[in-house]
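Me: I would like to go through the terms used for this model one by one, setting each value against its cut-off. Please show the structure before we begin.

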Amino acid sequence: MKVLVVGSGGREHAVIRKLKENKEIDTIICAPGNGGISADAVCADVKATDIEGMVSLAKKESVDFCVVTPDDPLALGMVDAMEKEGIPCFGPEGKAAVIEASKVFSKNLMKKYGIPTAAYEVFDEPEKALKYILDQNSFPAVIKADGLALGKGVLIAQDAKEAEEAVKELMIDKAFGASGSRVVVEEFMTGPEVSVLAFTDGNVICPMVSSMDHKRANDNDEGLNTGGMGTIAPSPFYTKEVAEKCMNEIFVPTMKAMNAEGRTFRGCLYFGLMITPQGPKVVEYNCRFGDPETQVVLPLLKTDLFTIMKACHDGTLADINIEWYDEACACVIEASGGYPQSYKKGYEIHGLDENGQREGVIVYHAGTKKENGAYLTNGGRVLGITAKGKDLNEALDKAYAAVKEIGFENMHCRSDIGAKVRNL
């Protein structure tokens, strides 16, 4: 078997490492991949958003199965293009990927089908958006770009001045391009956030182990929003009672709502949840594996990943019993100093072996390149240092012990991943 994985980050590396456990897969191609991924897959220099180029690569390589992981190519319809050429894919079609590609679509879907979420209004004129926020006079206020914005299109305004700045940044300055042409203004919810990824074939939905992301750049959840600075699994806030409520009130209703809209979702559906005093509510949907949540969820998966992915595509997920290890997992992101704003690339990384790994942990490469046998930094988030343990404390201790040994010039990482829940 030959499998193509589309993407270039730590999430893709985690997917590839898991797929490698399947003995029927001879070759994994990753496009475009990165330096660390090149130790586990054959990297091909095709941009993740180059639909035509990716289809052409898949045909040239006679690929048996394709896994499309990033949001942009999914929203652009890469799965549709691959399937049209007879290449089976894991991932939703473009019309289903809209659940992430448009916040307005997803909020309206939740309202229509009674799925719990924050109260909201939609605006396409900055003056009206700001007037609404000021009239509401309820802070903090949440302002979200409608479209995809690298996980950074959500601004939280603490007062009227910040609200004005947020509306200007998104809608007038177009900090995230056309994504900010429309915005969703919603009430600020309180409670612990939990991420739950779920496999679905459109008929059944199988939630994975819960996880907890750390979005802010600095300790104590301070600093700018990033793509994620670390994560732990499972989340102690996601109890059996909460899981049951989510299944009945959020997961199954969302799957059925998408079917009713003629947008059947097959692949990995990500639920960003807030456990509010009124119960769990949806913060956002993603149409793919989360990054860095995937890096702590997949190491806990006992069942073969490729078998599950194929069942999601074939509509046979009900026939599979998905099992998980009763352990904990933690991932600490090593980022370039200055991330998520400007940062330098090209620093040599020390503490890794020739495969870009270190004994006792899994090192997922997010932004690296390999030159003359050395691994160099080549992005904002560079490495995900990941460890499993019998409990969360052990997993975090192992990960942070390795963080001390692996590094590069001007490295930045948070020292408090999982700290809030260590002793819960």
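Reply: Helices (H or I, at least four residues) and strands (E, at least two) are DSSP runs, numbered from the N terminus. This is a predicted model, in which local features need pLDDT of at least 70 and side-chain atom pairs count only at pLDDT 80 or more, while totals for chains, interfaces and linings use all residues. Residues are numbered from 1 along each chain as its sequence is written, and side-chain values use heavy atoms, with hydrogens and water left out.

Me: What makes a space in this structure a cavity, and how many cavities of 30 Å³ or more are there?
Reply: On a 1 Å grid over the protein atoms alone, a cavity is a set of points where a 1.4 Å probe fits but cannot get out, and its lining residues have an atom within 4 Å of a point. The volume is the space filled by probe spheres set on the points, which are joined across faces, edges and corners. Two cavities of 30 Å³ or more are found, the largest with about 50 Å³ and the second largest with about 40 Å³.

Me: Which helix gives the most to the lining of the largest cavity?
Reply: The lining of the largest cavity includes Lys103, Ser106, Lys107 and Met110. Helix H5 (94–101), helix H6 (103–113) and strand E17 (279–286) each give two or more residues to this lining, and H6 gives the most, with four.

Me: How are the residues lining the largest cavity divided by class?
Reply: Ala, Val, Leu, Ile, Met, Phe, Trp, Tyr, Cys and Pro count as nonpolar, Asp, Glu, Lys and Arg as charged, and the others, Gly among them, as polar. On that basis the largest cavity is lined by four nonpolar, one polar and six charged residues, whereas the second largest has seven nonpolar, two polar and one charged.

Me: Why is H1 called roughly perpendicular to H11?
Reply: Helix H1 (residues 10–19) and helix H11 (residues 305–314) pack at an angle of about 105°, with their axes 8 Å apart. Axes are lines fitted to C-alpha atoms, for helices over the stretch in contact, and angles run from 0 to 180 degrees between N-to-C directions. Angles under 35 degrees count as roughly parallel, over 145 as roughly antiparallel, 65 to 115 as roughly perpendicular and the rest as oblique; the pair is therefore roughly perpendicular.

Me: Which residues make the contact between H1 and H11?
Reply: With contact meaning heavy atoms within 4.5 Å, Val15, Lys18 and Leu19 of H1 meet Leu305, Phe306 and Met309 of H11.

Key: On a 1 Å grid over the protein atoms alone, a cavity is a set of points where a 1.4 Å probe fits but cannot get out, and a pocket is an open set with protein on both sides within 12 Å along at least five of seven lines; lining residues have an atom within 4 Å of a point.
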